[in-house]
Amino acid sequence: MSLLSPELQTIAEKVVQGERISDDDCLFLFENADLSTTGMLANYVREKKHGSNTYFNRNFHIEPTNVCIYSCTFCSYSRLIKAREEGWEYTHEQMMDIIRSYDGEPVTEVHIVGGVLPQYDVSFYESLFRDIKRHRSDLHIKALTPVEYHYIFKKEKIGYMEGMQRMKEAGLDSMPGGGAEIFAPEIRTQIAPDKCTGEQWLQIHEIWHNLGGRSNATMLYGHIENYQHRVDHLKQLRALQDRTGGFQTFIPLKFRNKDNELSHLSEVSVVEDLKNYAISRIYLDNFDHVKAYWPMIGRTVAQLSLSFGVDDLDGTIDDTTKIYSMAGSEEQNPSLSTAELVKMIRAVGRKPVERDTLYQIINEFEDDLDDDGYRGYLELPVVQNQ
Ligand code: V47
Ligand code: SF4
């Protein structure tokens, strides 16, 4: 006799047989399923795809500015437009100095994303990407989201296709997953009233994929959306991925509530985080990877997530992003050495695999004994999650 409800039993059978679950199944999991069953099914999918491999890459961030003309209510950046002296606005040369400061370091990717300001336009980014490539041709440029692209192409009076072609010619290699938030207009207009619509976000990714580019996708959860909005968001991502196959990774982003206009909302629990990872892993059967962004959720939850569908950890080496420390993340100074990250992954019985942005393997950490002879022993400071 099964201990599962008949509905859950049917969903579990689909997952085990490699059959796609429906939107209703997905909603059922969000509304009714227990964490352990959902986690077990997600782990089954994760291990079928990747065994115990846990990927990471060596990247660094450049945030051109932390001031933004938009007013997303969840964002701790937008308030700074009113007090611009608290913010920074890097010039081309200042960003090139950051690039040069990594000369000789084994980083493979620069992730560029920040606020929207008029001086950062099409020609600014074309010339930045060109100079980065001139300086270091093998550095993968993962830059900007449809939020910035929509804004700068409109200002330049060019269409998305022409704009993305120009970015590609200038040296853009891939697009990060930000700016997706929640696609459903009734939520998006409340939390991100002036940025591109969900439809435009999807359109720009589709065009980029059709140009041969790869990109990531995110979902900002745990604020004013409900489970139906999450299912709708995942549904639209799965449908686009069916058409193009251009997404590499799905990254759920937990809403953090410090210093923004939604500070009155409580943050969701860790149980909710793990459930959300797990259900995303089960539903998005056509996505190769599900990534946890540890600077946002903390190291302990990131480790736990590896048993709930996540196979990739982001935020290595020298993560200079401020968006999460400003929004209340436990990780005020999110930076890990490769050795620390490898230990963190091994400590939960997974195999660390260093990859490049396109998931080509750079280094597999076969030997589970560290240099100091410990087997996955974790020597990191304990970080308290709420
Ligand atoms: O779009 C902003 C989110 C995103 C808050 O593609 C917040 O590899 C939580 O997309 N609480 C930008 N989240 C970051 C992003 C990202 C991060 C790491 C890797 C990749 C990748 C992409 O940050 C924004 C927004 O959804 N965000 N404010 C907040 N208060
Ligand atoms: Fe600007 Fe992005 Fe913040 Fe919105 S989320 S206010 S677009 S930096």
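The following paragraphs describe the fold, the aromatic pairs, the ligand surroundings and several individual residues of a predicted model.

The chain of this predicted model comprises 15 helices and 11 strands. Its mean pLDDT is 90, with 87% of the residues at 70 or more. One stretch deserves a word of caution: over residues 373-386 the pLDDT stays under 50. For that stretch the model has 35 contacts beyond four places in sequence. Of the 386 residues in the chain, 59% count as buried. Contacts between residues at least 6 apart in sequence were also examined, and 75% of these join residues at least 24 apart.

Helix 15 offers a good view of the interior. Seven of the nine residues in this helix, which spans residues 338-346, are buried, so helix 15 is largely enclosed by the rest of the structure. The buried set consists of Thr338, Leu341, Val342, Lys343, Met344, Ile345 and Arg346, and thus takes in a lysine and an arginine. The partners against which these buried residues pack include three strands, namely strand 1 (53-56), strand 9 (312-314) and strand 10 (351-355). Helix 12 (294-297) and helix 13 (299-305) complete the list of packing partners.

Aromatic side chains come next. The structure contains 15 aromatic pairs. In one of them, the ring centres of Phe60 and Tyr102 are 3.7 Å apart and the planes meet at 15°; since planes under 30 degrees apart count as stacked, this pair is stacked. Phe60 belongs to strand 2 (residues 59-62), whereas Tyr102 sits in the loop between helix 4 (92-101) and strand 3 (109-112), so the pair ties together parts that are 42 residues apart in sequence. Both Phe60 and Tyr102 are buried. The pair formed by Tyr120 and Tyr125 is tilted, with 6.2 Å from centre to centre and 35° between the planes. Tyr120 and Tyr125 are likewise both buried.

Ring pairs also build a cluster from Phe183, Trp201, Phe247, Phe250 and Phe287. Elsewhere, rings meet arginine side chains. Arg238 lies over the face of Tyr283, 3.7 Å from the ring centre. Arg355 is placed over the face of Tyr359, at 4.0 Å from the ring centre.

Attention now turns to the ligand. Ligand 1 is surrounded by 23 residues, of which Phe74, Lys142, Gly177, Gly179 and Glu181 are the closest. Oxygen atoms of the ligand take part in several polar contacts. A backbone N or O atom of Gly177 is 2.7 Å from an oxygen atom of ligand 1. For Glu181, an N or O atom of the side chain lies 2.5 Å from a ligand oxygen atom. Asn216 contributes a polar side-chain atom, found 3.1 Å from an oxygen atom of ligand 1.

Gly177 also serves as a reference point for Pro146, a residue of helix 6. The C-alpha atoms of Pro146 and Gly177 are separated by 9.0 Å, although the two residues are 31 apart along the chain. Pro146 has 0% relative accessibility and therefore counts as buried. Beyond its neighbours within four places in sequence, Pro146 is in contact with Met175, Gly178, Cys196, Trp201, Ile204 and His205. Among these contacts, Trp201 is also a member of the aromatic cluster described above.

Two residues around helix 6 invite a closer look at the backbone. Leu144 occupies the loop between strand 4 (140-143) and helix 6 (146-156). Its phi is near 60°, a positive value in a residue other than glycine. Lys157 lies in the loop between helix 6 and helix 7 (160-170), and there too phi is positive, at about 60°, although Lys157 is not a glycine. Their surroundings can be set side by side: Leu144 has a relative accessible area of 0% and is therefore buried, whereas Lys157, with a relative accessible area of 74%, is exposed.

A last residue to consider is Ser76, placed in the loop between strand 2 and helix 4. With a relative accessibility of 2%, Ser76 counts as buried. The side chain of Ser76 reaches the backbone oxygen of Lys258 at 3.1 Å.

How values were computed: Residues are numbered from 1 along each chain as its sequence is written. Chains are lettered from A and ligands numbered from 1 in the order in which they are written. This is a predicted model: local features need pLDDT of at least 70, side-chain atom pairs count only at pLDDT 80 or more; totals for chains, interfaces and linings use all residues. Side-chain values use heavy atoms; hydrogens and water are left out. pLDDT is the predictor's confidence in each residue, from 0 to 100. Contact means heavy atoms within 4.5 Å. Rings of Phe, Tyr and Trp (its six-membered ring) pair if their centres lie within 6.5 Å; planes under 30 degrees apart count as stacked, over 60 as edge-to-face and the rest as tilted. Helices (H or I, at least four residues) and strands (E, at least two) are DSSP runs, numbered from the N terminus. Buried means under 20% relative accessible area, exposed over 50%, partly exposed in between (1.4 Å probe, protein chains only). A charge sits over a ring if NZ of Lys or CZ of Arg is within 6 Å of the ring centre and within 35 degrees of the ring normal. A residue is near a molecule or strand if one of its heavy atoms lies within 4 Å of it. A polar contact is a pair of N or O atoms within 3.5 Å; within protein, one must be able to donate a hydrogen and the other to accept it, and residues adjacent in sequence count only if both atoms are side-chain atoms.
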